[in-house]
Amino acid sequence: MGGFKLGGMTFRGLFKEPETIQYPAQQKPAPAGLKGHVVVDVQKCILCGICQKRCPCDAIAVNKPERTWTINRFACVQCGSCVRECPKTCLVMEPTYTAPSTSKHLDSFDVPEAQKA
Ligand code: SF4
Ligand code: SF4
């Protein structure tokens, strides 16, 4: 009896759409409530370093002399603390998944000099 049932399931499986998708070429819609990942608007950043101090995971590094803002997305736990504390509102949580990667790396951004009015 069990063998018939299993055989039927296997046979039907030959004609069904696959349950899996070809990620990352295909992607499912983000579920409601997904926290996503941190995105920085470097044009507004003043390199104050508050986000670095508030991050509980040491995922952010602000280098004022070199004018870089760096995040280790593999350490970030999406708590949103940096987003809430940034005085220039240049950080947001974008509700999409971080881009897939084959190796651990840091995302580093150059922060331009402030434009003079
Ligand atoms: S808290 Fe905001 S302005 Fe300050 S370094 Fe971080 S991203 Fe830049
Ligand atoms: S969301 Fe939280 S863990 Fe991620 S970088 Fe910001 S403060 Fe750090």
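A residue counts as buried when its relative accessible area is under 20%, and as exposed when that value is over 50%. In this predicted model, Leu47 has a relative accessible area of 5% and is therefore buried. Leu47 sits in the loop that runs between strand 1 and helix 2 (50-54). Its phi is near 55°, a positive value in a residue that is not glycine. Most residues other than glycine have a negative phi, and most peptide bonds are trans.

Leu47 also belongs to the surroundings of ligand 1. The residues around this ligand are Cys45, Ile46, Leu47, Cys48, Gly49, Cys51, Val62, Trp69, Cys86, Pro87, Cys90 and Leu91. Sorted by class, this shell holds eleven nonpolar residues, one polar residue and no charged residues. Around ligand 2 there are 13 residues, of which Cys55, Cys76, Cys79, Gly80 and Cys82 come nearest. The shell of ligand 2 has ten nonpolar and three polar residues, and again no charged ones.

Trp69, listed above for ligand 1, leads to the sheet. Trp69 is part of strand 3 (residues 68-71), where Trp69 and Ile71 point one way and Thr68 and Thr70 the other, and all are buried. Strand 3 is joined by four bridges to strand 2 (residues 60-63), and the two run antiparallel. Within this pairing, Ala61 has Thr70 of strand 3 as its bridge partner. Strand 2 and strand 3 make a hairpin with four residues between them, and Arg67 in the turn has a positive phi of about 55°.

Strand 3 is also joined to strand 5 (residues 107-110), again by four bridges and in antiparallel fashion. Here Trp69 stands opposite Phe109, while Ile71 stands opposite Asp107. The result is an open sheet of three strands in the order 2-3-5, with antiparallel pairing. Strand 2 and strand 5 each have a single partner strand and stand at the edges, so one side of each lacks a neighbour in the sheet. On average, neighbouring strands of this sheet are turned by 15° against each other, direction ignored.

Asp107, which faces Ile71 across the sheet, is also one of the residues lining the largest pocket. Rolling a probe the size of a water molecule over the atoms shows where empty space is left. The largest pocket has a volume of about 180 Å³. Its lining consists of His37, Arg73, Phe74, Gln78, Thr98, Ala99, Pro100, Ser101, His105 and Asp107. By class, these lining residues divide into three nonpolar, five polar and two charged.

Some backbone details remain. Thr89 has a positive phi of about 45° although it is not a glycine. Thr89 lies in the loop between helix 3 (81-85) and strand 4 (91-94). Is Thr89 buried or exposed? With a relative accessible area of 55%, Thr89 is exposed, whereas Leu47 is buried. A further backbone feature is the peptide bond from Tyr23 to Pro24, which is cis, with omega near 5°. Pro24 is found in the loop between helix 1 and strand 1 (37-40).

Helix 1 (residues 2-13) contains Gly3. Gly3 has a relative accessibility of 56% and so counts as exposed. From Gly3 to Tyr97 the separation is 94 residues in sequence and 41 Å in space, C-alpha to C-alpha.

Notes:
Residues numbered from 1 in each chain as written. Chains lettered and ligands numbered in written order. Predicted model: local features only at pLDDT ≥ 70, side-chain atom pairs only at ≥ 80, totals over all residues. Heavy atoms only, no water. Near = heavy atom within 4 Å. Nonpolar A, V, L, I, M, F, W, Y, C, P; charged D, E, K, R; others polar. 1 Å grid on protein atoms, 1.4 Å probe; cavity = no way out; pocket = protein on both sides within 12 Å on 5 of 7 lines; lining within 4 Å. Points joined across faces, edges and corners; volume = space filled by probe spheres on them. Buried < 20%, exposed > 50% of the residue type's maximum accessible area, 1.4 Å probe, protein only. Pairing = 2+ DSSP bridges. Axes fitted to C-alpha atoms, helices over the stretch in contact; angles between N-to-C directions.
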